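Consider the model shown here, and follow its fold from the overall layout down to a single strand.

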Amino acid sequence: MRRSPTRRRHRSVPASFMTLGGRGSLARARIVVGEAMSLLRMHGGRRVANVGIIGNLIHYLQREDVVITASDFDEGLIKEGILGVPVVSGEFSPQIVAETDVALVCGETLASDTLDELVKVAKDNNTKLVLFAVTGCHFGEEYCRTFGID
């Protein structure tokens, strides 16, 4: 039987790595928040940080019994907040990661050169990380191999 040319073979990757291409931003947000909630259930706590704001994540987190903190480098978000959640400058991301139980960290932390520090702070403070890369999803396997999986 001949395979369709659009069908690709995928290498085996860790169980916690998933690619969600084509499913839509709401579905991705539900899955990311679901991972955060699973980690909270396994390890306890109710404090969640969103580093690199994604509005849909905030939206779904607000449906849960959690305390949300958020950081970003976007001046508009820092000034106005999002969906009623205050946003601090990205300069304070290490502090909010240290003070939460689970941190949802966006792939933009690669561009801002803050990911290494956030991973170290998370390890030092027993903060679980959920790393998501909206535009860099092809880096997922490398993230898992380099930083490990919570």
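The paragraphs below go from the whole chain to strand β4 and its partners.

The model is a predicted one. It contains 7 helices and 5 strands. In sequence order these elements give the pattern α-β-α-β-α-β-α-β-α-α-β-α.

The protein has 150 residues, and 41% of them count as buried. Its exposed area is about 9400 Å², of which carbon and sulfur atoms supply 51%. Contacts can also be sorted by how far apart the residues lie in sequence. Taking contacts between residues at least 6 apart, 62% join residues at least 24 apart.

Strand β4 covers residues 102-106. How many of its residues are buried? The count is 5 of 5, so that the strand is mostly covered, where buried means under 20% relative accessible area. In a regular strand, side chains alternate between the two faces of the sheet. In β4, Val 102, Leu 104 and Cys 106 point one way, while Ala 103 and Val 105 point the other way. Residues on either side of β4 are buried.

Which strands pair with β4? One is β1, residues 47-51, which runs parallel to β4 and is joined to it by 4 bridges. Within this pairing, Val 51 has Val 105 of β4 as its bridge partner. Another is β5, residues 128-132, which pairs with β4 in the parallel sense over 5 bridges. Here the bridge partner of Ala 103 is Leu 129 in β5. Val 105 and Ala 103, which take part in these bridges, point the same way from β4 and are both buried.

Note on methods: Residues are numbered from 1 along each chain as its sequence is written. This is a predicted model: local features need pLDDT of at least 70, side-chain atom pairs count only at pLDDT 80 or more; totals for chains, interfaces and linings use all residues. Side-chain values use heavy atoms; hydrogens and water are left out. Helices (H or I, at least four residues) and strands (E, at least two) are DSSP runs, numbered from the N terminus. Buried means under 20% relative accessible area, exposed over 50%, partly exposed in between (1.4 Å probe, protein chains only). Contact means heavy atoms within 4.5 Å. Accessible areas come from the Shrake-Rupley method with a 1.4 Å probe; for residues, only the protein chains shown count as cover. Two strands pair if DSSP finds at least two bridges between them.
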